[in-house]
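Please walk me through this structure in the viewer, telling me what to select at each stop and what is found there.

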Amino acid sequence: MCADASQHDGHPAPEDLLDVGSLPRFVDALPIPHKAGPVGFAASREDRRKKVTLYRIEMRQFMAKVHRDIPPSTLWGYADTSPGPTVDVRSGSPVRVEWINRLPARHLFAIDHTLEGASADQPEVRTVVHLHGGRVGPESDGFPETWITPGHSAAYYYPNQQEAAALFYHDHAMGITRLNTAAGLMGLYLIRDEFEDRLKLPSGEFEVPLIIVDRSFRKDGQIYYPVSSDPKSLWVSEYYGGGILVNGKLFPYVDVLPRRYRFRILNSSNSSFYVLSLAPSLSFASPALPIYQIGGDQGLHSEPERVEALILGPGERSDVVVDFRSNRGKELFLRTKVANFLQFRVSGTQVEDPSQLPATLRPVARIPESDAIRTRQLTLADYQDRLGRSKRMLLNGARWSMPVTERVVLGSTEIWSFVNLTDESHPIHLHLVRFQLLDRTPFDLPTYQLTGKLVFTGPVQKPGAGEWGWKDTIRVDPLSVTRIIVKFEGFAGRYVWHCHLLEHEDNEMMRPYDVVPAR
Ligand code: C2O
Ligand code: CU
């Protein structure tokens, strides 16, 4: 089900590809992204007499070292860092962010001009910021076609009228999102609220973001992003990096105290799904240590769940607590199924820990299926060329430029039922809303292809560990029907829904959808 970062993309690797596996591990300290600092105030949209905090964040090209033994890499980032600064805000306090594009005129990577929105007559460098998971008005949502070129800026308004959650901001420019993100354009956006404060979870330096991306590098330190063997269409269907960066470093270590920590984990990889676990040694035979998952994409769960593995697809977040108390003086590792990529060095000193891990967190009321006014059946399908290579994947058989088919009424609830006809998992994301996973059910593909009928081949699978909470991105497994229930709240206007596997998103696996006001 899950690909991993070591998997090869099938294209011949260049001679100068750096063998990430040969690097010494755990020689660089884990960087912690700095917090974005406000620059002033802007007018409130809700109340003219009020002011809201203003941030100004520039996108730039810069050089940074991803590992002690790799020469500096050219990266794109917000505020000269990748990941960018963490925007840390309070629920109920809107902010304005002026996003400024100061990138150079040339892209770091080769553009496939055959993709929708990326034709050769378009400017090479285009950016537009989307706040993933934000309940944001359509004018500030970062619609993929509303990109800006270097020298321009966009002032977006984020109402923050939603519960505490780890959102993230990243680029979303039509046809080149995968390249802009691979270059480094992403950052965390934390919304906090009083309910969360009262839980006394580990905070301050004991709350640590872990932003995970996989990348390959050339020997000179430059990011390697492959192109296909077809010179007319350079797009590749997936990107799997040779190594995993955490907060911008390959194989970092972090010194921790023997106490509880809260980790805000984001998978910002282009294509990779991870099965993450906490290991007591480098040996893959060692049994995983417990992780307490306390939240997901859209905030806190109803109670902590003790898990041994976290499955995280592109765009998904996981909020976890790890207790290092019983591991004083030891080394632990965060690992995928194939690599130990982050080392925890637990100090031997004894410390006080005033933080808590309450037995109950925030109640998550399940949306009854009877609330849904309709069910939409939406397919995910792969279209291949004569050689069986994936050419593009479509949502419900429609390309981006076709008329809008998903028109939902503001305030209404619907069930979206994703029928995955492909042989891989796709992380499906809807802008604007939060939703709940209902279930997944395997079905028989040949029958569906012949008759268009869904014949189920196994039992209905209820959400797995960590999937009971509010989500905004959901793993749609191959040959399964995955059902979510969504209430379309917040704003009317044009949004998008798409696969968050960025290569797919850039090649038509994205559709506009409209939220229309109730009459
Ligand atoms: Cu995180 Cu439309 O994306
Ligand atoms: Cu996909």
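Begin by selecting aspartate 193, which in this predicted model sits in the loop that runs between strand S10 (186-192) and helix H2 (194-198). If you colour by accessibility, aspartate 193 will show as buried, because its relative accessible area of 10% falls under the 20% cut-off. Next add glutamate 196 to the selection and look at its backbone nitrogen, which lies 3.0 Å from a polar atom of the aspartate 193 side chain. Then display the surroundings of aspartate 193: apart from neighbours within four places in sequence, the residues in contact with aspartate 193 are Arg90, Ser91, Glu163, Ala164 and Arg362.

Now move to the copper ion (ligand 2), whose protein donors are His426 through ND1, Cys499 through SG and His504 through ND1, at 2.0 to 2.1 Å from the ion. Following the chain through these donor residues gives the spacing H-x72-C-x4-H. Of this set, cysteine 499 is buried with a relative accessible area of 0%, and histidine 504 likewise counts as buried at 0% relative accessibility.

For the last stop, select Phe418 and Leu430, which touch the most other members of the largest nonpolar core, a set of 118 residues. Strand S11 (residues 207-217) supplies the largest share of this core, with six residues. Finally, centre the view on phenylalanine 418 and show its contacts; when residues up to four places away in sequence are not counted, phenylalanine 418 touches, among others, Leu378, Leu380, Ile428, Leu430 and Trp497, and its contacts also include Ser480 and Thr482.

Definitions and conventions:
Residues numbered from 1 in each chain as written. Chains lettered and ligands numbered in written order. Predicted model: local features only at pLDDT ≥ 70, side-chain atom pairs only at ≥ 80, totals over all residues. Heavy atoms only, no water. Helix = DSSP H or I, 4+ residues; strand = E, 2+ residues; numbered from the N terminus. Buried < 20%, exposed > 50% of the residue type's maximum accessible area, 1.4 Å probe, protein only. Polar contact = N/O pair within 3.5 Å; in protein donor to acceptor, adjacent residues only side chain to side chain. Contact = heavy atoms within 4.5 Å. Donors = N, O, S within 2.8 Å, 3.2 Å for Na, K, Ca; no water. Core = buried A, V, L, I, M, F, W, Y, C linked by side-chain atoms within 4.5 Å.
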